[in-house]
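Work through the exercises below with the sequence and the 3D structure open beside you. Try each task before you read its solution.

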Amino acid sequence: MINPNSPSTANSPSTASTAKKICSSATYGSSKMPLYNYILIALVLVMSVLPQFMDAYWVAVFVSVGLGTLLSLSLNIILGQAGIFSMGHAAFYAVGAYVTAILNTRYGIPILYLLPISGFASAFFAMIVARPIIHLRGDYLLMVTIGIVEIVRIALVNDIGGLTGGANGLFGISRPEIFDIKIKKGEQFYYMIWSFVGVTVILFHWLNCSRFGRALSCIKEDDVAAEGCGINVTRYKLLAFMIGAFWAGMAGTLFAAKMTIISPGSFTFWDSVLLFAAVILGGGSQAGVILGAFLVFGLPEIFRSFAGARMLVFGLALMVMMIIRPQGIIPPRPRHYKLSKASQNKVDYALSQIQDSKDAQPTCSVHGKGEENL
Amino acid sequence: MSTQDISMNAILSLDKVTKTFGGLRAVNEMSFKVEDNSIMGIIGPNGAGKTTVFNLITGNYTPNEGSIEFQGKSITKLRPHQIVEQGIARTFQSIRLFPNLSVIENVLAGSHCRMKSGLFASMFRLPSQRKEEAQTLERAMEELEFVGLAHMWNEKASSLSYGNQRLLEMARALASDPKLVILDEPAGSMNQPETKVLIRLIQAIQERGITVMLIEHDMGLVMKVCEKIVVIEYGTKIAEGKPVEIRNNPRVIEAYLGKED
Amino acid sequence: MELFIQQVINGLAIGGIYALVALGYTMVYGVLKLINFAHGDLFTIGAYLGMTVFVSFGLGGIVPIWIAIPLVALMVMGLVAVLGGLLERAAYRPLRNASRLSAVVSAVGASIFFQNAIILLWGANYYVYPEAMRPSVIIDLFGMGVPLIRFILIGASILLMLVLYWFIHRTKTGTAIRAAAIDQGAAKLMGINVNRIISLVFLIGPGLGGVAGLMVGLAYGQIDFSMGFSYGLKAFTAAILGGIGNIPGAMIGGLILGLVETLGAAYLTIAWKDAISFFVLILILIIRPTGILGERVADKL
């Protein structure tokens, strides 16, 4: 390979100093990785013993925070990673919950089978509704997604096709069974939902570190440039919607199984808004979004002592937090790439050349052909 | 016109391509051919429609009339990402990197369309996907080395100097394994030493067997590297030929310097 | 036919309210490119304040109703405008340079705050406007009985819109608002104090919204703390329908939406009444995303 950027011209002391900076930041980054992992392990341990120290009320709170986390993580693919302003996530949640409720109460299909089925139904729904609107920008898309979530809610209230049970909703949804163990206690739901969250975090992390995740980042940064790089922007935006909807649909199944009764009131515009707030508050990284979900779905419980004023305080807290930290609590960290030996050598070589040229105080001699003028 | 036209092996050809915006004819019955593995320049006064021609080739705009053929296939109706897949990569006049991503990720974005791992393979991190990632990373580093930015691989793209950002955009374009690279004012915001590096780089791209098309205001650069030049004014081609022919063409001189009365 | 005319009058009355609320959205969006999520709640506060001001000042007993109501309207306008100004200062100004998404979340926080403030102050139950505020004069129009208040409503909203239109297009400050909406940077360079313009917009928009809230109370008699949500969403739809950022667009959009919704509910389906406006929204965005009066802007590459 030819390197036209000969060391004598890729010079200037400033490049050399930035080069030094990368070196130091690289070592800093690698020493930080284990710490991050330790925190993760500690968190998993704490979460796994937590129910032993909580009463039924707090276990229930954690179960609903878990569902909120699942939903926020799925919205994060759309909103946080692809940068698509979607405020209609509750619609996908609703589709999952209702598909579960209908198939379970009418045909007795077990909940666990319904998990993927609801996911696919929700993803399919997302594909249908998102296709015509996917090219819309920013706030327009925001408003349309709000419209969709309201239309879905009104459709459910109007008992479409006699299937959704109108404003009262559907009841008598059965509990999930795993290996003949019927999940019905709060604690069991706690473990089921939070393990689901765990698996989701891992899968989404891998997805984020693939060409898929990169494509979404590119679309978020600049969709025209992304298309110009050969990324099928429409397709990837749709896929982001569908994956988000798939997971929201599965969360809907878990919700239906936990409540055994569902009604349109659980899938309103405000539920979408809270999910939106959780993602933006969190900052778009998975860790941030989980924290955001805790704040949005857990904080009002902690404020319970404020009684009537708790939502007031919550609204105020949202404002204050955005003002203090507009980029969110934990913005995404750059993806980590490990260079092969050969590539690392290239970097080292380039750095050494720069160092040499700096020592030699270059005179900007130009290589190549003569300088014949025009 | 040059005698090459008859025997040339065209990689890209525009045939009477017209683009209108409202009532404005931005590009008017534009026809030219680009020879395989050549370096061609498009010049013309500001607002002549040069970038519009590029945007028509890359699919950002669709022509109202006329057709564009690349390697014998019509690409007139294709969308930008499909055109990249066909083998045409571009850079933008106003640098359009992904500013918050790292340098290497910008190049990897260019490789996107040459990768095959699907959603499932990515989500479950299958061995095939990991292998492909590693290979692509290697390839991306080669491109970075090619443009001379290997040592900055982990920097944030927005932290680079403008000159280096232009080089990075070229690396990103090259990472998509193109047959034809379209450079929109590559020397814009570059200082003189950087421009000299750029000239060498453009020639090196040609040596890799890739055809280069460029828009440039730096006449020194254009005259030095281009084998053929197309001059446009008000969306219409007014001259076409070798640098020597263009330099002495009275219509071109008139377009640039105004008519002497 | 009678039903039709009656529905048209109803549609225009509700459309006028949508238009007034939509003006607040569209003006704020024009200068800040921000959806003021709390706007609907300011509208609700207007409805509550109207009632409280009327009752607590005992206006009904002192002055005749046709003086009392405009007086209440002016007070509501002023109070809600101040609230809007405070909102901008507290929730949006600190986020002026942050990403728009964080401003949206701050707006959502403000909306939650206002809604719960209403619950704390007035309670969560719905309120009925005092009879003294709502003279039940029925006008005989070609043999149909139409409440006078509907006509007053239509007249008042059109009057307010005309005043605003005059202000925006015929005064120096209005020109500055339009300039700031087109290009803040350029407006600054021309010596326009953009911060002042933004503050002003946050006075005018909520002021009009507050009056619209009062009008809902006067016309329909019943108000509750969550009414800002559906009125707000529909008004925003109206703003997009007319072309967001475009002031005459918001007026036309509001009236059209009111008509479509009322006629749709009367002739097609009452159960889907609230969904009609969203179908309209989705349709318009698919067909003509810039709205009726909005300008198409070519993508700059």
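The exercises that follow concern a predicted model.

**Exercise 1. Confidence**

Task: State the overall scores of the model, then find which elements of chain C have the lowest and the highest mean pLDDT.

Solution. Step 1: the model scores ipTM 0.91 and pTM 0.86. Step 2: for chain C the mean pLDDT is 86, and 97% of its residues reach 70 or more. Step 3: among the elements of chain C, helix H3 (residues 59–62) has the lowest mean, 70, and helix H9 (residues 194–220) has the highest, 92. Step 4: where pLDDT is low, the predicted coordinates should not be read in detail.

**Exercise 2. The fold of chain C and chain A**

Task: Count the helices and strands of chain C and explain why chain C is described as compact.

Solution. Step 1: chain C has 12 helices and 4 strands. Step 2: its radius of gyration is 19 Å, and the globule rule gives 19 Å for 301 residues, so chain C is as compact as a globular protein of that length. Step 3: the C-alpha trace of chain C spans about 60 × 45 × 35 Å along its principal axes. Step 4: 52% of the 301 residues of chain C count as buried. Step 5: of the contacts in chain C with a separation of 6 or more, 77% join residues 24 or more positions apart.

Chain A can be described in a similar list. Chain A contains 13 helices and 4 strands. Of its 374 residues, 48% are buried. Among contacts in chain A between residues at least 6 apart in sequence, 78% join residues at least 24 apart.

**Exercise 3. Two contacts of chain A**

Task: For the contact of chain A with chain B, say how many residues each chain gives and which helix of chain B gives the largest share.

Solution. Step 1: chain B gives 53 residues and chain A gives 49. Step 2: several helices of chain B each supply at least two residues of the side that touches chain A, among them H4 (103–111), H6 (127–147) and H8 (192–207). Step 3: H6(B) supplies the largest share, 9 residues. Step 4: by type, the side of chain B that touches chain A has 26 nonpolar, 14 polar and 13 charged residues.

Task: Repeat the steps for the contact between chain C and chain A.

Solution. Step 1: here chain C gives 33 residues and chain A gives 30. Step 2: helices H5 (100–122), H10 (227–242) and H12 (273–287) of chain C each supply at least two residues of the side that touches chain A. Step 3: the largest share, 13 residues, comes from H5(C). Step 4: this side of chain C divides into 27 nonpolar residues, 5 polar and 1 charged.

**Exercise 4. One residue and one helix of chain A**

Task: Decide whether Ile151(A) is buried or exposed, and name the residues of chain C that it touches.

Solution. Step 1: Ile151(A) lies in helix H5 (residues 138–157) of chain A. Step 2: it has 21 other C-beta atoms within 10 Å, and because the cut-off for a buried residue is 20 or more, Ile151(A) is buried. Step 3: Ile151(A) touches Ala275(C) and Phe278(C).

Task: Compare the length of helix H4 of chain A with the expected value.

Solution. Step 1: H4(A), residues 111–130, has 20 residues. Step 2: it reaches 27 Å from its first C-alpha to its last, close to the 28 Å expected at 1.5 Å a residue. Step 3: its buried residues include Leu114(A), Ser118(A), Ala121(A) and Phe125(A). Step 4: what covers the buried residues of H4(A) includes H3, H5 and H9 of chain A.

**Exercise 5. Positive phi in chain B**

Task: Where are Lys16(B) and Asp177(B) found, and how exposed is each?

Solution. Step 1: Lys16(B) is in strand S1 (residues 10–21) of chain B, and its phi is positive, about 45°, although it is not a glycine. Step 2: Lys16(B) has 12 C-beta neighbours inside 10 Å and therefore counts as exposed. Step 3: Asp177(B) is in the loop between helix H7 (162–174) and strand S7 (180–184) of chain B, with a positive phi near 60°. Step 4: Asp177(B) has 18 other C-beta atoms within 10 Å, so it is partly exposed.

How values were computed. Residues numbered from 1 in each chain as written. Chains lettered and ligands numbered in written order. Predicted model: local features only at pLDDT ≥ 70, side-chain atom pairs only at ≥ 80, totals over all residues. Contact = placed C-beta atoms within 7 Å. Nonpolar A, V, L, I, M, F, W, Y, C, P; charged D, E, K, R; others polar. pLDDT = per-residue confidence, 0-100. Expected span 1.5 Å × (residues − 1). Rg over C-alpha atoms; globule rule 2.2 N^0.38 Å. Lists of a residue's contacts leave out its neighbours within four places in sequence.
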